[in-house]
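Visitor: I am new to this structure. Please take one helix and look at it closely, then show what lies around it.

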Amino acid sequence: FGVAPRFADIPIEGIRRIEAMDIAFARELGYTIKLLAVAKDGRDAIEARVHPTMIPNGHLLADVSGPFNAIFVRGSALGPTMYYGQGAGSLPTATAVIADLVAAVRDRQVGTGVRVPPWGVPSKALRRVPIRKLAELEGEYYLRFMALDRPGVLARIAGVLGRFDISIASVIQKDRRAGTTVPIVIRTHRARERNLARALAQIDRMAAVRGKAVSIRIEEQLG
């Protein structure tokens, strides 16, 4: 986007809290969980973030697995394109290292400057645009709570979400056994990240809820 990024401002979240049941619930809802780096251009700020994401099963990125990586680009005039290849393993890694060495040698042959600037344009031409704060973003979410199987627990969870303007699109509650801890899965409509964080903080403090809720962002509009 012609922007000088400040990497410390980019929110990053890993896959540590995702469990096998989340993968199964995602499949039931029609999604695949992938760790995505998402970047979107804007007039006054850039949206940049790294986190697990649920994407529709029919999307090309959903089939990227194993040692393969992909970059999916949506251009205003070109439309969607995808660049796909191996990003791990001895030979792909060696290819990347040798390519960097060859590029460095060619740059030295040219002189003090480089043939192509690292960001595609000279550094002095890069814009200084802030990264949009995660709390300001809106989206749909997958939520999983581990809660005691008691009457009224789901209603109380839904009540807290409603107070923070978070509406529910669907609910999955299985393996009901009175007095035991069971998963409650909720898919939300579009909500503001700040509101979701506040709601989850309250729900996590409920006596009937065990541990912290798992939340995964859903990306429908990928191309």
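Guide: Start with the side of helix α1 where Ala 20 and Arg 27 are exposed. This is a predicted model, and the helix in question covers residues 20–29. On the other side from those exposed residues, Asp 22, Phe 25 and Ala 26 are buried. Viewed down the helix axis, the buried residues of α1 lie within an arc of 105°, so they line one face of the helix. The general rule is that an α-helix has 3.6 residues a turn, so residues three or four places apart point the same way.

The buried residues of α1 pack against several strands: β1 (31–40), β2 (47–56), β5 (138–148), β6 (168–173), β7 (181–188) and β9 (209–218). After the helix comes Gly 30, with a positive phi near 95°.

Some of these strands also contribute to the largest nonpolar core, which has 22 residues. Within this core, Leu 143, Phe 145, Ile 157, Leu 161, Ile 166, Ile 186 and Ile 203 touch the most other members. The elements giving two or more residues to the core are β5, α3 (153–163), β7, α4 (193–204) and β9. Of these, β5 gives the most, with five residues.

Take Leu 161 as one case: leaving aside residues up to four places away in sequence, Leu 161 touches Leu 143, Ile 166, Ile 168, Ile 186, Ala 199 and Ile 203. There is also a second, separate core of eleven residues, including Ala 26, Tyr 142, Val 185 and Ile 218. That returns us to helix α1, where Ala 26 is one of the buried residues.

Technical notes: Residues numbered from 1 in each chain as written. Predicted model: local features only at pLDDT ≥ 70, side-chain atom pairs only at ≥ 80, totals over all residues. Heavy atoms only, no water. Buried < 20%, exposed > 50% of the residue type's maximum accessible area, 1.4 Å probe, protein only. Helix = DSSP H or I, 4+ residues; strand = E, 2+ residues; numbered from the N terminus. Arc of directions from axis to C-beta. Contact = heavy atoms within 4.5 Å. Core = buried A, V, L, I, M, F, W, Y, C linked by side-chain atoms within 4.5 Å.
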